[in-house]
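User: I would like to go through this model with you, beginning with the ligand site and then moving to the backbone.

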Amino acid sequence: MLAGKHILLIIGGGIAAFKSLDLIRRLRERGAEVTPVLTKAAEQFVTPLSVSALAGNRVYRDLFDLTDEAEMGHIQLSRVADLVVVAPATADLMAKMTHGLAGDLASTLLLATDTPVLIAPAMNVRMWEHPATQRNLVQLQADGIAVSGPAEGDMACGEFGPGRMSEPLEIVDAISTRLAVGPLKGKRILVTSGPTHEPIDPVRYIANRSSGAQGAAIARALMARGASVVFVTGPADVAPPDGAEVIKVTTALEMQQAVTAALPADVAIFAAAVADWRMAEASDRKLKKSKDGLPVLVFTENPDILREVAHLQDGRPELVVGFAAETNDVVENATAKRARKGCDWIVANDVSPETGIMGGSENAVTVIDAAGAETWPRMDKTAVANRLADRIADALADRT
Ligand code: CTP
């Protein structure tokens, strides 16, 4: 997937540097050439010899390694790559990048480069949350630098929180996204995700338990295969995927408008748990308890966004994928839903409370298309997303 791509990998000095060894292996497995650069601090965590052996390339460590003009100069070194990756990006490296310092080889390369840069931050949670680091992050993103992670979890220092470096395969996905390589390169894919909130009055609303995790994972998997993704999301628990064009909405009506505005697309995936009903008239004042009895909520039906897009005469996406959240007779109900909605595929799942799927990290789905039903084993939502993205890439390839 990364054949012919050249990555300049700057390894910063943090405990996460050991994961960069695996990152090098994963990148080379995918056909990328890796030129590694170690900061002085990184040498405390990984040895130049192991990095060089894994990369199959010489390691650059010192600005003065490059003064010999028979060797590559730092300007040239900073520009040979298709992408500069900083992993782990320590708080110190991020601060140097933000302020344009160039006191050592790594920071000089980052200042001299005109190729895109991706960083995978890793540091103690307090350092990550410090206003200085957060300010630097905002500036780096404004400068066009892509960011992968950090993830939340137990840290080597014994604390818990955001600050762990993304896993090597997540960084590989972020690299593929940034380089827009893969079977879905050039495809524009619309993904709806998350719940919708339908107001009752200014402080109350009707919602559902969708976390948005499956939709976000699908968007990431599509981008990792080269697609450009428009991500229309209701108020989800999970963060929207980096690298997507994100459109945040609250209600089903707003989602309908955002979807219409986002078309045309080659593929549309409707992973959102859209509320079927909204209040016929939401109150513009907070409803009060009254002696006259309980309030009566009068509903009206929301537009069925999936159905509308699947029935477009003009500009229908080549492939329209719906989801079916069922609590019983999953295959029968979802097969009927596919026909009713007019979509090409339905990804059906059993959301009975005992499955723990809604709001959980795993999913067990059955994909229904014109040929019938295909049941996948229960797996992580990321694995479901990857398998679905591969299926979509295969289907588009078969059609051309
Ligand atoms: N959907 C949509 N707009 C709606 C409702 C649903 O786009 N107003 C999409 C969802 O994103 C999902 C699919 O339709 O892809 C299935 O939604 P679901 O609510 O499960 O199906 P319903 O049409 O509500 O059918 P039922 O009431 O039988 O569950």
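User: Which pocket does the space taken by the ligand correspond to?
Analyst: The model is predicted, and the pocket is ranked on that model. The space taken by the ligand is the second largest pocket.

User: Which elements give two or more residues to the shell around the ligand?
Analyst: The shell consists of 14 residues, with Phe270, Ala272, Pro303, Phe323 and Lys341 the closest. The elements that contribute two or more residues are helix H11 (305-310), strand S16 (319-326) and helix H12 (330-341).

User: How many residues of each class does the shell around the ligand have?
Analyst: The residues that surround the ligand number 14. Divided by class, the shell has 8 nonpolar, 1 polar and 5 charged residues.

User: Which residue has a side chain with an N or O atom 2.7 Å from an oxygen atom of the ligand?
Analyst: Two other contacts involve the backbone: a backbone N or O atom of Ile305 is 3.1 Å from a nitrogen atom of the ligand, and a polar backbone atom of Phe323 is 2.8 Å from an oxygen atom of the ligand. The side-chain N or O atom at 2.7 Å from a ligand oxygen belongs to Lys341.

User: What percentage of the ligand's accessible area does the protein cover?
Analyst: A polar backbone atom of Phe323 lies 2.8 Å from a ligand oxygen. On its own, the ligand has 580 Å² of accessible area, and the protein covers 78%.

User: How far apart are the closest N and O atoms of the salt bridge between Asp22 and Arg25?
Analyst: Side chains of opposite charge can pair when their charged atoms come close. Asp22 and Arg25 both belong to helix H1 (residues 17-29) and are 3 residues apart, about one turn of the helix. The closest N and O atoms of their salt bridge are separated by 2.9 Å.

User: Where is Pro150, which is joined to Gly149 by a cis peptide bond?
Analyst: Most peptide bonds are trans. The bond between Gly149 and Pro150 is cis, with omega about 0°. Pro150 is in the loop between strand S5 (146-147) and strand S6 (151-154).

User: What is omega for the cis peptide bond from Leu263 to Pro264?
Analyst: Pro264 sits in the loop between helix H10 (252-262) and strand S13 (267-270). The peptide bond from Leu263 to Pro264 is cis, and its omega is near 5°.

Methods: Residues are numbered from 1 along each chain as its sequence is written. This is a predicted model: local features need pLDDT of at least 70, side-chain atom pairs count only at pLDDT 80 or more; totals for chains, interfaces and linings use all residues. Side-chain values use heavy atoms; hydrogens and water are left out. A residue is near a molecule or strand if one of its heavy atoms lies within 4 Å of it. A polar contact is a pair of N or O atoms within 3.5 Å; within protein, one must be able to donate a hydrogen and the other to accept it, and residues adjacent in sequence count only if both atoms are side-chain atoms. Accessible areas come from the Shrake-Rupley method with a 1.4 Å probe; for residues, only the protein chains shown count as cover. On a 1 Å grid over the protein atoms alone, a cavity is a set of points where a 1.4 Å probe fits but cannot get out, and a pocket is an open set with protein on both sides within 12 Å along at least five of seven lines; lining residues have an atom within 4 Å of a point. A molecule sits in a cavity or pocket if more than half of its atoms lie within 2 Å of its grid points. Helices (H or I, at least four residues) and strands (E, at least two) are DSSP runs, numbered from the N terminus. Ala, Val, Leu, Ile, Met, Phe, Trp, Tyr, Cys and Pro count as nonpolar, Asp, Glu, Lys and Arg as charged, and the others, Gly among them, as polar. A salt bridge is a side-chain nitrogen of Lys or Arg within 4 Å of a carboxyl oxygen of Asp or Glu.
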